[in-house]
Each structure stands twice: as structure tokens, then as C-alpha cells.
Amino acid sequence: MILVTGGAGYIGSHTVIELLNHNYQVVIVDNLCNSSEVILDRIKKITDKNFKFYNIDVTQKDELKKVFEENHIDSIIHFAALKAVGESVLKPLEYYKNNLVGALTLFELMKEYNVNNFVFSSSATVYGNSKICPIREDFQLSTTNPYGATKLMIEDVMRDLSKANENLNLAILRYFNPIGAHISGIIGEEPNGIPNNLMPYITKVATGTLTELSIFGDDYNTHDGTGVRDYIHVVDLAKGHLKALQKLEQNPGLITYNLGTGQGYSVLDLVKVFEEVNNIEIPYKITSRRPGDIDMCYADPTKAFIELGWTAEYGIERMCQDSWRWQRNNPYGYEKEDHFLDMGTC
């Protein structure tokens, strides 16, 4: 059985769908602080399969222990964490406590219940302000904010655990910029409060919730002056977790992979593609740069292709189409009446 922490979140829910569709038995642990119980019903609708769910905070060891006592856990995929870069700067103690204690609690329970396989949701943030692109897994690591620091610290713990216990199989997956949504249009990205990523801002302008998009800076050293990032479809990202899980079955020890497309797109590129494929205008204005933003960041995904047999399948057009389908069908996110569950088809 696969334990998925944060399995009701954006990336977690899409990964659970892929796991269920590949006949894995799944148990989800999520405290629903940045998600909704409605998502669980929609996962069941998409897959026509069931799973166990526990409303538990992963930092609460005594509560989490019953998940291990009541289920035979073979592997863990760990998504549960606070993840807003800006908020982490304002609330560093909250981020260090939540993210580090959550991971350490899982590692303690893995040891206690003899669970040896662990997939960690890391981030390209651990590369800091890399001056070279594409970025490889062997590049120097550094961080520019508390959120990134927690990811790097957990990676360091995993490296030490691997040295101390040769029976552990640990996968570090460094994400670039996930966007898109499931093709059904009934689950997608719906952040609580102010979005941290670009695409939710674009889709909210498209629905009229926001009047215009703010683009932070047009004087970067890129082809059009706006920042360049590696956008990856969330379903491709989810499939990468399955590939990593399968790799752990070969007892590889500690493995680390970038999950990205290897293609960089600027903010204006993304806006223009979104407008073209969805036939909708996105008004925008240029504002000042945000502190800490860098010119460009995109992956070299070669290692994941060679060792996992994984590559991103969906292009930027599909990412924009799926993002808009989700937001158009759910203009208020998961908060309004869940009428989709009464539909005959998705």
C-alpha cells in the first residue's frame, strides 16, 4: 500500500489518480489546510476506485502512527508541506517547524514500522540563483528563502539516512513549474488565498475575477525581457512519481531527478499561448521586479529519461488548454456546490 501525504493537494491528487489507475492501493493523509474534501470525491469519480483517507497533520506523530498500525505501508510519497515562497519569508518559523517536523516524523515512523521506500517532493528552488541553464542534478545547491531551505534540509537528512541504512530506497524529485489540470476538468490548481504561481493569476483574469495580470519586470536578460521558467504539466509530473516508485523497487539506494520539460518559456510566451489556444484575451501590465526573481530557470531532464524512462509528454499548448478548462468549469474553485458529482460523464 502506498501512503500519500498531502494527497488531496494539487500535485498529490493528480498523483493519486495515476496510482489508482495503475492498480496501486492508496491511503491518503491530508489535514486539508490547502485543499478540500471535495477533491477526494472527484478522485473517486475520475478513477471509479476507492482509497483510505485520514484527516491528520503529519507533524502529529501519535495520530499518524495509527495509519501505520492500521495499514501495511510499503512506500511513502511525501507531498504534505507549506509551500508559498513569499509567505515563508514572512513566517520562517512556521515553515521550518511544519516542513521539517513533518518529514522527520515520517522518517521516524518508517524506521519503527520497517518502511524502506520514500519519494520526496522537492523543488528546483534548491538550485538557488543558478547562472547556468539547463540545470543538472549535480549542480551546486543553495537557497534564497525559508521554503527552499526546508526542502534542501530534508534532502540533506535523506542523504544522511541513506549513508546510515543501506536498506533505504529514497527518491528526491526536484520539480520545476507545474501547471495544467486533469483532462476531465474537475480537479486542478486552486490555491487558498493569494496564488503563488503564474497560471492561477492568468486563469482568474480569464474568468474576470481579476481585471488584469501583473507581470513583474520586463528587463530580464531573456528574449522578451520577462522571466523564463520550465513549465511542466501536472499529469506528467504525477507520472514521474510512478516511475520513481517503480525505480525504488529495484533497491537503488538514494536517487535524485529533475522533473521538467527542458524547455524554457517566458511569462509573455505563456500569456500569448494561453490567449491563442483558448481564444481569450489576457490584459496585463508591467510592474517592478520582485526581490529574488532570476532571469531564467529550466531543467536538463536527461537523467530522468535515461534512468526512469520518463519524459514529459504534454506541450505548453495542452497545459494552457487544461488549465483553462479546469478554471472555466470551476470559477470559484472547490468552494461552491459540487454539481459535477451528479454528471453522467466528465
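How many aromatic pairs does the count come to in this predicted model? The count comes to 5 aromatic pairs, and one of them gets its own view below, along with a sheet, some helices and a few side chains.

**View 1. Here is the open sheet, built from 7 strands.** Read across, the strand order is E3-E2-E1-E4-E5-E6-E11, and the pairing is parallel. Strand E3 (52–54) and strand E11 (254–259) stand at the edges with a single partner strand each, so one side of each has no neighbour in the sheet. Set direction aside, and neighbouring strands are turned against each other by 15° on average.

**View 2. Now we zoom in on strands E1 and E2, which run parallel.** The two are joined by 4 bridges. Take Ile2 as an example: its bridge partner in E2 is Val26. Side chains in a regular strand alternate between the two faces of the sheet. In E2, Val26 and Ile28 are on one side, while Val27 and Val29 are on the other. These residues are all buried, and both faces of E2 are covered.

**View 3. Helix H3 (residues 61–70) lies across several strands.** Those strands are E1 (2–5), E2 (26–29), E3 and E4 (75–78). Against E3, helix H3 runs at about 160°.

**View 4. Elsewhere in the sheet, strands E5 and E6 pair up in the parallel sense.** E5 covers residues 117–123 and E6 covers residues 169–175, with 7 bridges between them. If you want a pair to look for, try Ser122, whose bridge partner in E6 is Arg174.

**View 5. This close-up shows the ring pair of Phe107 and Phe118.** To describe a pair of aromatic rings, you give the distance of the centres and the angle of the planes. For Phe107 and Phe118, the centres are 4.9 Å apart and the planes are at 55°, so this pair is tilted. Phe107 lies in helix H5 and Phe118 in strand E5, so the pair ties together parts that are 11 residues apart in sequence. Phe107 is buried, with a relative accessible area of 10%, and Phe118 is buried too, at 0% relative accessibility.

**View 6. Let's follow helix H5 (residues 92–112) from end to end.** H5 has 21 residues and reaches 30 Å from its first C-alpha to its last, close to the 30 Å expected at 1.5 Å a residue. Its buried residues include Tyr95, Asn99, Gly102, Leu106 and Met110. After H5 comes Asn114, which has a positive phi, near 55°.

**View 7. Two arginines lie over tyrosine rings.** Arg289 lies over the face of Tyr220, 3.8 Å from the ring centre. Arg318 does likewise over the face of Tyr314, at 4.3 Å from the ring centre.

**View 8. Last up is helix H11 (residues 316–329), together with what covers it.** H11 has 14 residues and reaches 20 Å from its first C-alpha to its last, close to the expected 20 Å. Among its buried residues are Ile316, Met319, Cys320, Trp324 and Trp326. The cover over the buried residues of H11 includes helix H2 (37–47), helix H7 (198–207) and helix H9, as well as strand E7 (177–179), strand E10 (231–233) and strand E12 (265–266). In H9 (residues 267–278) you can find Glu276, which counts as exposed at 64% relative accessibility. The C-alpha atoms of Glu276 and Glu317 are separated by 8.8 Å, though these residues are 41 residues apart along the chain.

Conventions
Residues are numbered from 1 along each chain as its sequence is written. This is a predicted model: local features need pLDDT of at least 70, side-chain atom pairs count only at pLDDT 80 or more; totals for chains, interfaces and linings use all residues. Side-chain values use heavy atoms; hydrogens and water are left out. Two strands pair if DSSP finds at least two bridges between them. Axes are lines fitted to C-alpha atoms, for helices over the stretch in contact, and angles run from 0 to 180 degrees between N-to-C directions. Contact means heavy atoms within 4.5 Å. Rings of Phe, Tyr and Trp (its six-membered ring) pair if their centres lie within 6.5 Å; planes under 30 degrees apart count as stacked, over 60 as edge-to-face and the rest as tilted. Buried means under 20% relative accessible area, exposed over 50%, partly exposed in between (1.4 Å probe, protein chains only). A charge sits over a ring if NZ of Lys or CZ of Arg is within 6 Å of the ring centre and within 35 degrees of the ring normal. The expected span of a helix is 1.5 Å times one less than its number of residues.
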